[in-house]
Structures are given as C-alpha cells and as structure tokens.
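Biologist: I am new to this structure and would be grateful for a close look at a single part of it. Please begin with one hairpin and then place that hairpin in its surroundings.

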Amino acid sequence: MECRIAIVTFDRKAGSSLLPAFRGAVAPLFPEENIYHNHDGKSLMYRYPLIQYKLIEGRISIVGINEGAASVENHFQCGQRLTLRLYDKDVELHVASKVTHYYSPESFEKAENYYFLKGWLPLNQENHRKYIKAESLSEKISLLDGILSANILSLFGGFGYFSENRSIAQIVEIVSSDTVKYKDNEMLSFNVRFKCNAALPEFCGLGKGASRGFGTIFKSHPKSKR
C-alpha cells in the first residue's frame, strides 16, 4: 500500500518552544477540519495524528499524512504569506517549500533498519514509575524497547497498515535525555538511536506529543548518531 505524505516548510527558524503556539495559531484557520487539532468539539480524539507540527532543519514545518496530506496541499502554496499570532506577537511566515512523497508501510522478520528518534516522550505515569524503579540500565532499555515497539504499531495503525510480523524495536544508544514540559507536565524526553523490523516514514512522529513535534523520526546509519 502507498501512503501520501506532504511536508510544508516555512522560512522561519525557531526553537521547539514555539511549536505549541504555532499549532494553536494554525488550527483555528481550519475549524471544520479536526485533523488540525484532534478535537471533535467535545473531547480529544485519540488517534495517530494526520497533521503534525515539526521543526525540520530548524524550520517550522507541517507534515500531513493521507487525508492530512490532501488538506495541506490544498491550503498551502509555495510563496504564500501567513501572519500568525504567536505568544502575543504577530509573526509573518512564508511558505518556503511544499513537497509530497509516498511511503509504503512494511515490516520484516529481522530488525535491520536504523533510525534516530528526536524528542521522544515514551513514559506515562505508570511507566515512569517502572523506569525510575528499574535497577539497571538494561532493565530501563528493555522497558523502552517495549514501548517503542508499541509506538511503531500505533503509527502503522494510523497509516491503515496491519503487520503480520511481531513488532521488534531495539534501542542501540540513548544519545541524550532531558526533562521537558508537555501539557504543563514535566516529562522525560529522549534522543535515541534504534533499529527495528519496520520501514518508517522520516519526519513523522512516534509516541506521545507526535503532533506537537515530539518523537520525530530521522533515518540513521548503523554507525552514526543520525
């Protein structure tokens, strides 16, 4: 199966702290399309996000998947100018590029594909307690491996793909970790290199906060940190 991914990149470089404000400014532009904000008017919609707000090479970007790709292609054109209210300040953005490509979800018997995962938020309250309680690094990584495998299955589900192979993900290196704010809560964020038995789409997200720039996938080489 082929899935469509459209990426719109703006001319402005920013830090990740600007992404929540950017998402909050873009979503109201399309009130009839809940893929931009994942609310049905009453409650949060729990699904893999088809619109994701990212930093790609330091630039503010929007990634649209399938239905989200069609919407992004329709609403944004190269050279288009937007003036958005970000943190009580009017900011002018120009669409610098718009690229559409196709991705075929696929899984294999062996974990031989390498990726770098940036700003990954794997731990809910329960798993955070397990992670802190774990006495060895191998126990911690085993816990993270299981969560990462589940995150990959969730991504596959969002793309409408269901694998006959068991999801295998193995963290090769925890490059760094940090404490970040997510929805007013402090959470552990990880930058990791991992291998898995899946073909994953670059620039899409895994785990909690995927629509807000967390857990962005980058292709990696087996011997590199990216």
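**A hairpin and its sheet**

Modeller: In this predicted model, the hairpin of β2 and β3 has 2 residues between its strands, and Glu 57 takes a positive phi near 55 degrees there. The strand β2 covers residues 51-56, and 5 of its 6 residues are buried. Its partner β3, residues 59-65, runs antiparallel to β2, and 6 bridges join the two. One pair may serve as a landmark: Lys 54 has Ser 61 in β3 as its bridge partner.

The hairpin belongs to an open sheet of 5 strands, which follow one another in the order β2-β3-β1-β5-β4 with antiparallel pairing. Why is one side of β2 left without a neighbour in the sheet? The strand β2 stands at an edge and has a single partner strand, so one of its sides has no neighbour in the sheet; β4 (81-85) is placed likewise at the other end of the order. From one strand to the next, the twist averages 35 degrees.

At the edge formed by β4, the pairing is with β5, residues 90-103; these two strands run antiparallel and are joined by 5 bridges. Here Leu 82 has Leu 93 in β5 as its bridge partner. The helix α1, residues 19-26, packs on the sheet and touches β1 (3-13), β2, β3, β4 and β5. The direction of α1 makes about 140 degrees with that of β2, the strand with which this account began.

A second sheet may be described in the same manner. This open sheet has 4 strands in the order β8-β9-β7-β11, and the pairing is antiparallel. Its edge strands are β8 (169-182) and β11 (216-219), each of which pairs on one side only. Direction ignored, neighbouring strands of this sheet are turned against each other by 20 degrees on average.

The edge strand β8 is joined to β9, residues 185-196, by 12 bridges, and the two run antiparallel. Within this pair, Ser 176 stands opposite Asn 191 in β9. A helix accompanies this sheet as well: α4, residues 137-158, lies across β7 (113-120), β8, β9 and β11. The helix α4 runs at about 85 degrees to β8.

To return to the part requested, the hairpin of β2 and β3 has Glu 57 with its positive phi, and β2 itself lies at an edge of the sheet while 5 of its 6 residues are buried.

How values were computed: Residues are numbered from 1 along each chain as its sequence is written. This is a predicted model: local features need pLDDT of at least 70, side-chain atom pairs count only at pLDDT 80 or more; totals for chains, interfaces and linings use all residues. Side-chain values use heavy atoms; hydrogens and water are left out. Buried means under 20% relative accessible area, exposed over 50%, partly exposed in between (1.4 Å probe, protein chains only). Two strands pair if DSSP finds at least two bridges between them. Axes are lines fitted to C-alpha atoms, for helices over the stretch in contact, and angles run from 0 to 180 degrees between N-to-C directions. Contact means heavy atoms within 4.5 Å.
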